[in-house]
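Colleague: I am new to this structure. Please take a close look at the inside of the fold, and then lead me outwards from there.

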Amino acid sequence: MQLKIAYMTNNGKIPSRKADGVAVMNTCSQLARHGFDVELVVPRGQVPSCETSLQGRTIWDFYQVPESFKITYFPCPYFCSLLGHAGYGMLAVSYAALKGKSLIYSRHIELAYLAALYGRISIFESHNYLKVSQHSLLPHWIRMLRNRARRVAMVVTTQAGAKAYEDRGVPRERILIAPNGVDVRRFVLTESRDVIRRSLRLPKVKTIVGFSGHLYEGRGIEELLECAKLLDSLFFLIVGGESDDIQRCDALVQDLGLSNVRFAGFVSQSELPGYVAASDILVMPYSEATPSHNYMSPMKMFDYLASGRPIVATDFPVVREILQDRRNAVLVPPGSGKALAGGIEWLLQHPDSAKNIGEQARRDAEGYSWENRVRRIVTWMREMFFEHAAQCGAS
């Protein structure tokens, strides 16, 4: 008999333009590979805003994962929606319990807490400690984690996040640190860089500095454009962002008089590796204005590693959990376009070092594959909760 798992989130935007959808779909896929009966449960009503992202493809093609688990878009009647996430959570967790789910794996504290109240094994994967730290349920969740009779635990993506929860009183043995992941195989491309650039209508001979991700304020786009002005002989390729943010950033480009910047806009997961491969150097600038800079584990950091391109990134302690200066990246002070430009120039002046850094990044990416990440989570879950029934979820 298979162990039944409900993977639950309050964000029903699957497919999504955001990276969390990649994490959700790949985690569910890998849990299914380990022999579990997996059902992804998300709220109905948020889907239409993302339907255009599919462009005629199935959701499985969009995320490039096999159709190995069930997706349920769960309705939330009006009277429950008045209670916000708690209203949806009560119905959705009740549904999972009635469907015989033994374990509920969730990305929101409301769902984790309700699952524990139902007596289910409850694992809460926390990606944003700052947001959770202000939640009224956190003290109650911590009391559950301190109660040995409760079958509850947490997954966090950074050591900084784990320490923050420990400082709030969460027992260390109830926390697993599992950084975000990447499908390394997607970044193994058979076409040459010249062919890829030609297909994307990018300059053939110029050095291309690539960036992917959202363009919210505080995400480093201002510093990146300052860097582009300082390095006007290079071409800057910026992938991602919503239309409003692109318009705001394009206005900055015009104000700075830049002619070496291109905004590619949103691209699907299947297209992203080509844009990354077309770049010579990848940048990950952040500033202290980034709200989560003390706890973040950016998905693009792992995509960058898998690409085998040299990386220039902001030097925050949480970033150093994955990236090491002059080993698999070049780290520069935060909030400075000049410092970012200096890191890029160092790579251009030291081509052998740049090649070695990119190759090391690629090797390191193997350790952060979704397969390895979920294997660690599954091993930990079995040891903590159901080692006596390991045959139910045997690989």
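Modeller: One term comes first: contact, or touching, means heavy atoms within 4.5 Å. This is a predicted model, in which local features need pLDDT of at least 70 and side-chain atom pairs count only at pLDDT 80 or more, while totals for chains, interfaces and linings use all residues. Residues are numbered from 1 along each chain as its sequence is written, and side-chain values use heavy atoms, with hydrogens and water left out.

Start at Val 261. Not counting residues up to four places away in sequence, Val 261 touches Leu 225, Ala 228, Phe 236, Ile 238 and Val 253. Val 261 belongs to the largest nonpolar core, which has 66 residues. Such a core is a set of buried Ala, Val, Leu, Ile, Met, Phe, Trp, Tyr and Cys residues joined through side-chain atoms within 4.5 Å. Buried means under 20% relative accessible area, exposed means over 50%, and partly exposed lies in between (1.4 Å probe, protein chains only). Val 261 is one of the members that touch the most other members. The others on that list are Phe 236, Ile 238, Val 312, Val 319, Leu 323 and Ile 344. Two of them, Phe 236 and Ile 238, also appear among the contacts of Val 261.

Another core lies apart from this one. It has 38 residues, among them Leu 3, Ile 14, Ile 59 and Phe 386.

Now look at two buried residues in helices. Helices (H or I, at least four residues) and strands (E, at least two) are DSSP runs, numbered from the N terminus. Cys 28 lies in helix H1. Its relative accessibility is 0%, so Cys 28 counts as buried. Leaving out residues up to four places away in sequence, Cys 28 touches Tyr 7, Val 38, Leu 40 and Phe 69. Tyr 105 is 77 residues from Cys 28 along the chain, yet their C-alpha atoms are separated by 9.9 Å.

Val 374 sits in helix H16. At 1% relative accessibility, Val 374 also counts as buried. Beyond its neighbours within four places in sequence, Val 374 is in contact with Thr 27, Gln 30, Leu 31 and His 34. His 34 is 340 residues away along the chain, but the two C-alpha atoms are separated by 8.8 Å.

Helix H7 shows a two-sided pattern. H7 covers residues 138–146. Leu 138, Trp 141, Ile 142, Met 144 and Leu 145 are buried there. Seen down the axis of H7, these buried residues fall within an arc of 155° (taken from the directions from the helix axis to the C-beta atoms), so they line one face of the helix. Arg 143 and Arg 146, on the other side of H7, are exposed. The buried residues pack against several neighbours. Three of these are helices: H5 (109–117), H6 (129–133) and H8 (159–167). Strand S5 (121–126) and strand S6 (152–156) complete the set.

Next, a buried residue in a loop. Gln 269 is placed between strand S10 (261–265) and helix H12 (272–277). Its relative accessible area is 17%, so Gln 269 is buried. Leaving aside neighbours within four places in sequence, Gln 269 is in contact with Val 22, Phe 62, Gln 64 and Arg 186.

Compare the setting of Ala 339, which lies in helix H14 (residues 337–349). With a relative accessible area of 18%, Ala 339 is buried. Outside the four nearest places in sequence, Ala 339 is in contact with Val 332 and Pro 333. Asp 280 is 59 residues from Ala 339 along the chain, and their C-alpha atoms are separated by 18 Å.

Two arginines bring us outwards. Arg 201 is found in the loop between helix H9 (193–199) and strand S8 (208–212). It is exposed, with a relative accessible area of 74%. Phi of Arg 201 is near 60°, a positive value in a residue other than glycine.

Arg 326 is in the loop between strand S12 (311–314) and strand S13 (330–332). Its phi is positive too, at about 65°, although Arg 326 is not a glycine. At 40% relative accessibility, Arg 326 counts as partly exposed.
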